[in-house]
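Trainee: Please take one part of this model and go through it slowly with me, starting with the words I need and then showing how that part sits among its neighbours.

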Amino acid sequence: MVEPVNWHPAADRSTAEALVVEQDRRVVGLSGWLADAAVETVTGGRFLQVLTPSRSHVTYPLELMFGQGGSHWVVRDGNGFRDGFTGAPMAWTGARFAQVPDSPVPAVEPVSAGHGGIEVHVVTRYPADGALELGGAADAVMRSLTGNGPRGWGVAEPATQPWSPREITAHCRDRAPSPTSLVVVGDGALGVLRVERVDSGVLERLQVSGPASGTVSRDGIDDLVDRLAPTARTALVAVHPRRVNGLRPAAPSPPALPYGILVGHEAVGERGAEHARDAPAVAVRLTGSPERPACWCLLSGGRQAPYEVLTAVLHHFGLPEPVDRG
């Protein structure tokens, strides 16, 4: 028999299998408490399960935390419960929320073309030297998508520190060699910056959810590509059908649809500019300096599905896929 869950909205429930946190808010973000709880539950072999009303939205940083595994978004829907991302029915087992056995997953409703928000993933590798300054990719993404630079950063939400590449770099250097994950915020944009030491230097991974796709022109995307070309290893631009301005509702969604990928000058240089021009994309443009060109590959607008074109482009350059299809 399924045990009903009717405790006070501010209360938490801890069992041998899960820590359940109820958040009765319109917007639920990656608070410091939730981030700490996620680490604690993973270390202890339990699940962190965040329970919200169906009207709630989760922020992009919290969504990315859910995507790392070990955590679930559970939505109270009428007298029942469901997964906040897939819509799959869930029930309380007495120890945790679990998907109802043999229950059908709701079909994903079609999303009209052009609906949704811009999503950008940038990977940059820097030499580990005293001149290193992090945050350049975040500045480029925010300026091209919103017209303004980043507003702030922090270790959790809300991001309370004014934007400062110098302070971000010092914070990451103080934590090295441990990896660092930070929240970055702009005007209508939210993201996560992850920094880690690797054998070849310092690897910076940026993921940003920005404004509605209809508010960003092709010139704006071209500007972003040109800003990132001198430094980025890869930069993937996509459109997520349900998420806008860094907020995602509790509704099943198709995956983000790739729009274009920038292949950095390192990968282009390995096989040459002529090889880059032959990339199997809808359109190809070399950018950056003539001595160290990068390659912008448009993936959308052709006869093939954008993910098929993305796969072909990555194979052409010998690159792994830079982002999950979630």
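Mentor: A residue is called buried when its relative accessible area is under 20%, exposed when it is over 50%, and partly exposed in between, using a 1.4 Å probe and protein chains only. Helices (H or I, at least four residues) and strands (E, at least two) are DSSP runs, numbered from the N terminus. This is a predicted model, in which local features need pLDDT of at least 70 and side-chain atom pairs count only at pLDDT 80 or more, while totals for chains, interfaces and linings use all residues. Residues are numbered from 1 along each chain as its sequence is written, and side-chain values use heavy atoms, with hydrogens and water left out.

Let us begin with helix H2, which spans residues 60-67 and is mostly covered, with 7 of its 8 residues buried. The buried ones are Tyr60, Pro61, Leu62, Glu63, Leu64, Met65 and Phe66. Just after H2, glycine 69 has a positive phi of about 95°. H2 lies across strands S4 and S6, and its direction makes about 115° with S6, where axes are lines fitted to C-alpha atoms, for helices over the stretch in contact, and angles run from 0 to 180 degrees between N-to-C directions. Contact here means heavy atoms within 4.5 Å.

S4 and S6 belong to an open sheet of 7 strands, in the order S1-S2-S4-S6-S7-S8-S9, with mixed pairing; two strands pair if DSSP finds at least two bridges between them. Strands S1 (12-14) and S9 (97-99) stand at the edges with a single partner strand each, so one side of each has no neighbour in the sheet. On average, and with direction ignored, neighbouring strands of this sheet are turned by 30° against each other. At the S9 edge, strand S8 (residues 89-92) runs antiparallel to S9 and is joined to it by 3 bridges, with methionine 90 standing opposite glutamine 99. Helix H1 (residues 32-43) also packs on the sheet, where it touches S1, S2 (18-22), S4 (47-53) and S6 (71-77), and its direction makes about 140° with that of S4.

After S9 the chain goes on through a loop towards S10, and valine 108 has its place in that loop. With 42% relative accessibility, valine 108 counts as partly exposed. Leaving aside residues up to four places away in sequence, valine 108 touches Pro252, Ser253 and Pro254. Valine 108 and alanine 251 are 143 residues apart in sequence, yet their C-alpha atoms are 8.5 Å apart in space.

Strand S10 (residues 117-126), at the other end of that loop, pairs with S15 in the antiparallel sense over 9 bridges, and valine 120 has valine 208 of S15 as its bridge partner. S15 (residues 201-212) has 10 of its 12 residues buried, so it is largely enclosed by the rest of the structure. Strand S14 (residues 189-198) is likewise antiparallel to S15, with 9 bridges between them, and arginine 194 stands opposite arginine 205 of S15. The connection from S14 to S15 is a hairpin through 2 residues.
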